[in-house]
Amino acid sequence: MDSEEPAPAASTPPTLLELSTYLLSRTGKAARGRLVERLARRGLRLWDMAVLAALADFGPHAQRDLVRRLRVDPSDTAKVADRLAAGGYVERVRDAADRRRVLVTVTDAGRALLAELRAEAHAVQDEVLAPLSAAERQVLHDLLGRVHAQLPGAP
């Protein structure tokens with residue numbers, strides 16, 4: 001026969017599908033990609049949301065303490081803080097007690113933006129977890145929380 005058969009559709013090898021860690025990775029990558037897309041429409045990145053969340057949840061931080069808390073490169077943190085400050089979402093001031101330190105504080109506009117970003121994140125979560133019931137989602141959340149708690153560097 002001269003005609004070529006169509007190539008089989010790409011499918012994930014069953015050996016990988018047996019691995020919960022593979023499924024977590026693929027699901028996480030898909031969810032992250034969807035959230036990144038939504039944030040990009042606003043001209044934002046995941047680090048922007050992470051900085052706003054850290055400041056809203058834990059209060060003002062010295063910029064270098066944000067680096068340690070979020071485990072991100074100091075120059076990247078400075079860029080995020082610059083971008084957020086330019087948008088009026090954070091305020092940066094020199095610490096009166098130590099002029100070498102720059103304190104970063106979330107503003108009311110930053111809190112409002114974070115609320116919008118959380119809604120976007122919840123929308124993505126709802127999309128990704130659509131096949132699960134509310135009870136199943138809670139069980140998944142609880143199990144992932146237990147796994148996360150034992151990871152190195154977890155709170």
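1. A quick term before we start: a residue is buried under 20% relative accessible area, exposed over 50%, and partly exposed in between, using a 1.4 Å probe and protein chains only. By that rule glutamate 127 is partly exposed, with a relative accessible area of 37%.

2. Some ground rules. This is a predicted model, where local features need pLDDT of at least 70 and side-chain atom pairs count only at pLDDT 80 or more, while totals for chains, interfaces and linings use all residues. Residues are numbered from 1 along each chain as its sequence is written, and side-chain values use heavy atoms, leaving out hydrogens and water.

3. Start your tour with helix H2 (20-41). Helices here are DSSP runs (H or I, at least four residues), strands likewise (E, at least two), and both are numbered from the N terminus. With 22 residues at 1.5 Å a residue, H2 should span 32 Å, and its end C-alpha atoms are indeed 32 Å apart. (The expected span is 1.5 Å times one less than the number of residues.) Just after H2, glycine 43 takes a positive phi of about 75°.

4. Which residues of H2 are buried? They are Tyr22, Leu35, Arg38 and Leu39, and they pack against helix H1 (14-17), H3 and H6.

5. Now look at arginine 38, which counts as buried at 18% relative accessibility. Its side chain meets that of glutamate 120 in a salt bridge (2.6 Å, N to O); the term means a side-chain nitrogen of Lys or Arg within 4 Å of a carboxyl oxygen of Asp or Glu. Arginine 38 sits in H2 and glutamate 120 in H6, so the pair ties together parts 82 residues apart in sequence. Glutamate 120 is buried too, at 17% relative accessibility.

6. Arginine 38 also has a salt bridge to glutamate 127 (2.6 Å, N to O). Arginine 42, in the loop between H2 and H3, bridges to glutamate 120, with the closest N and O atoms 3.6 Å apart. Shared partners join Arg34, Arg38, Arg42, Glu116, Glu120 and Glu127 into one network. The whole structure has 12 salt bridges.

7. Finally, the largest nonpolar core (buried Ala, Val, Leu, Ile, Met, Phe, Trp, Tyr and Cys residues joined through side-chain atoms within 4.5 Å) has 20 residues. Val51, Leu52, Leu55, Leu66 and Leu117 have the most contacts inside it. H3 gives the largest share, five residues. For a closer look, try leucine 66: not counting residues up to four places away in sequence, it touches Val51, Ala54, Leu55, His61, Arg71, Thr77 and Val104, where contact means heavy atoms within 4.5 Å.
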